[in-house]
Amino acid sequence: MTQTQTTQPQTNQPQTNQPHTNQTLYRATFMHTPASPFETPDALQVQEDGGLLVAGGVIQASGPFSELRAGHPGAEVSDLRGGLLLPGFIDTHVHYPQGRVIGGLGMPLLEWLDRNALPEEVRLADPDYARAVAQEFTRSLLQNGTTTALVFGSHFAPAVDTLFAEAERSGLRAVAGLVVSDRLLRPELHTTPQRAYEESRALIERWHGVGRQLYAVTPRFSLSASEGMLDACAALMREFQGLRFTSHINENVAEIGVVQGLFPQARDYLDTYERAGLVTRRSVLAHNVHPNDRELGAMAAHGCSAAHCPCSNSALGSGFFPLKRHLQAGVHVSLGTDVGGGTGFSMLKEGLQAYFMQQLQGEQGVSLTPAHLLYLATHAGAQALNLAHLTGDFSVGKFFDAVLIDPAPQTALRAVYAAADSPARLLAATFASGTPGDVARVWAGGDTAYQARRDLAAIHP
Ligand SMILES: O=c1[nH]c(=O)c2nc[nH]c2[nH]1
Ligand SMILES: [Zn+2]
């Protein structure tokens, strides 16, 4: 591993200095959380009959529609009234090769991997199979309103290349990488540190910073990655600027026991990554259901984020995520669907399950408001990924990544929308009973990335 070249991300910056031609003024009730409700009271910002002026894919102005209309009489108006416009969701933990094995219920993590996930992951060695799965995957994320995702890739480099190609074509911002492992999975999924390094490097050079795509160095978990493999990952993180790092941690008690046996010199699970220099501001570790206090303190000190995946934790019986302890320690927390351990691609469902699991913890839980759920599903993810200057809310200068929730006529949620007496109630109902069927349209960088087939003009009550 002698390579020393660095690459600069080439794009990904909003072009705020573009001439304001082809301005679109979106007219909608919109909500967003530019600040964290965990830190700031009244973090939920609501604009009823609001306007967002977009040009070159970037938000140029925001405020009451009437004011923006008066200031920009030439802008084309897109009327989205009747729905609720939210920032595009940010899923910070989702597995590309597992879309077709959602629903493997009734097994704890290690058995689930053996019987459900890994046999399917082997199939991505076939490029045609991988292409079909990549198309389903990017489509599913966008149909659910997710415009940015930290994606656990495949163990096969051509399949990861296909994922990036599909993501870029579809508008999805994928932060993704080759999943690397050299033990305890199954032979077809194992590689060597040298090969992992070389294949990752080639993918980084091809995709990192291209369009909306970014690269994440991705050892599967310490259970399946030797010290040599983690060192190869660390070499990549040192040699290329702006990479992200992701893996799993402290998900399941049996898993933690195996990792302790494999790394007798490590203080705990986090230390297996920490010793390799892999715990930084650019790291997102999924689950962390069973952390000790040292781990939480170290994660906070390094600025590393935890991706909380409540549907997966429930489906696999992994346990209750200690959100209060994370917040008290100062660890940043975002949300992930963890498909296919999780139960689907909906960040609305994920937010609701996070709420349920905190409620069920009584005194140990955190009482989450609708503003918390929106923040966890949007801005918190942007912060975890170091992308908060580009996306996660509707502030001026950010990309117009957005999802329009617009329930169909004669549905229960439409009735709630018609009756809601406050914006917080509207948002709560959206998380409580919103489904992919209520996602009417999704924009990624100002372009329509998904539009439901039903006629938008016909559905206002
Ligand atoms: O929820 C999970 N899903 C996975 O695919 C996986 N691999 C390691 N650890 C994991 N946890
Ligand atoms: Zn996972």
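**Sheet, domains and Pro-87 in a predicted model**

Me: In what order do the seven strands of the open sheet run?
Reply: This is a predicted model, and its open sheet has seven strands with mixed pairing. Reading across, the order is S3-S2-S1-S4-S14-S15-S16.

Me: Which are the edge strands of that sheet?
Reply: An edge strand here pairs on one side only. The order S3-S2-S1-S4-S14-S15-S16 has S3 at one end and S16 at the other. That fits the edge strands, S3 (58-64) and S16.

Me: And what does the twist average from one strand to the next?
Reply: Going from one strand to the next, the twist averages 35°.

Me: Which residue in S3 is the bridge partner of Gly-51?
Reply: Strand S2 covers residues 45-55 and runs antiparallel to S3, with six bridges joining the two. Gly-51 has its bridge partner in S3, and that partner is Gly-63.

Me: How is the protein divided, and how far apart are the C-alpha centres of domain 1 and domain 2?
Reply: Domain 1 takes two stretches, 24-88 and 393-458, while domain 2 takes 89-384. Between their C-alpha centres the distance is 29 Å.

Me: Which element gives the largest share of the side of domain 1 that touches domain 2?
Reply: The contact involves 30 residues of domain 1 and 26 of domain 2. On the domain 1 side, S4 (76-87), H16 (423-433), S15 (439-444) and S16 (447-451) each supply at least two residues. The largest share is six residues, and it comes from helix H16.

Me: By class, what residues does that side of domain 1 have?
Reply: Three residues there are charged and seven are polar. The nonpolar ones number 20.

Me: Is Pro-87 buried or exposed?
Reply: Pro-87 is found in strand S4. The cut-off for buried is 20 or more other C-beta atoms within 10 Å. Pro-87 has 31 such neighbours, so it counts as buried.

Me: Which residues does Pro-87 touch, not counting those up to four places away in sequence?
Reply: Among them are Thr-378, Gly-392 and Asp-393. The others are Phe-394, Asp-401, Ala-402 and His-32.

Me: How far apart in space are Pro-87 and Trp-207?
Reply: In sequence, 120 residues separate Pro-87 and Trp-207. C-alpha to C-alpha, the distance in space is 25 Å.

Me: Over residues 85-447, how far apart are the end C-alpha atoms?
Reply: An unreviewed UniProt entry annotates 85-447 as "domain: Amidohydrolase-related". Over those residues the chain is 44% helix and 17% strand. The end C-alpha atoms are apart by 15 Å.

Definitions and conventions: Residues numbered from 1 in each chain as written. Chains lettered and ligands numbered in written order. Predicted model: local features only at pLDDT ≥ 70, side-chain atom pairs only at ≥ 80, totals over all residues. Domains from an automatic or database assignment. Contact = placed C-beta atoms within 7 Å. Helix = DSSP H or I, 4+ residues; strand = E, 2+ residues; numbered from the N terminus. Nonpolar A, V, L, I, M, F, W, Y, C, P; charged D, E, K, R; others polar. UniProt positions renumbered as here; feature names shortened; annotations may be inferred. Buried ≥ 20, exposed ≤ 12 C-beta atoms within 10 Å, placed from the backbone. Pairing = 2+ DSSP bridges. Axes fitted to C-alpha atoms, helices over the stretch in contact; angles between N-to-C directions.
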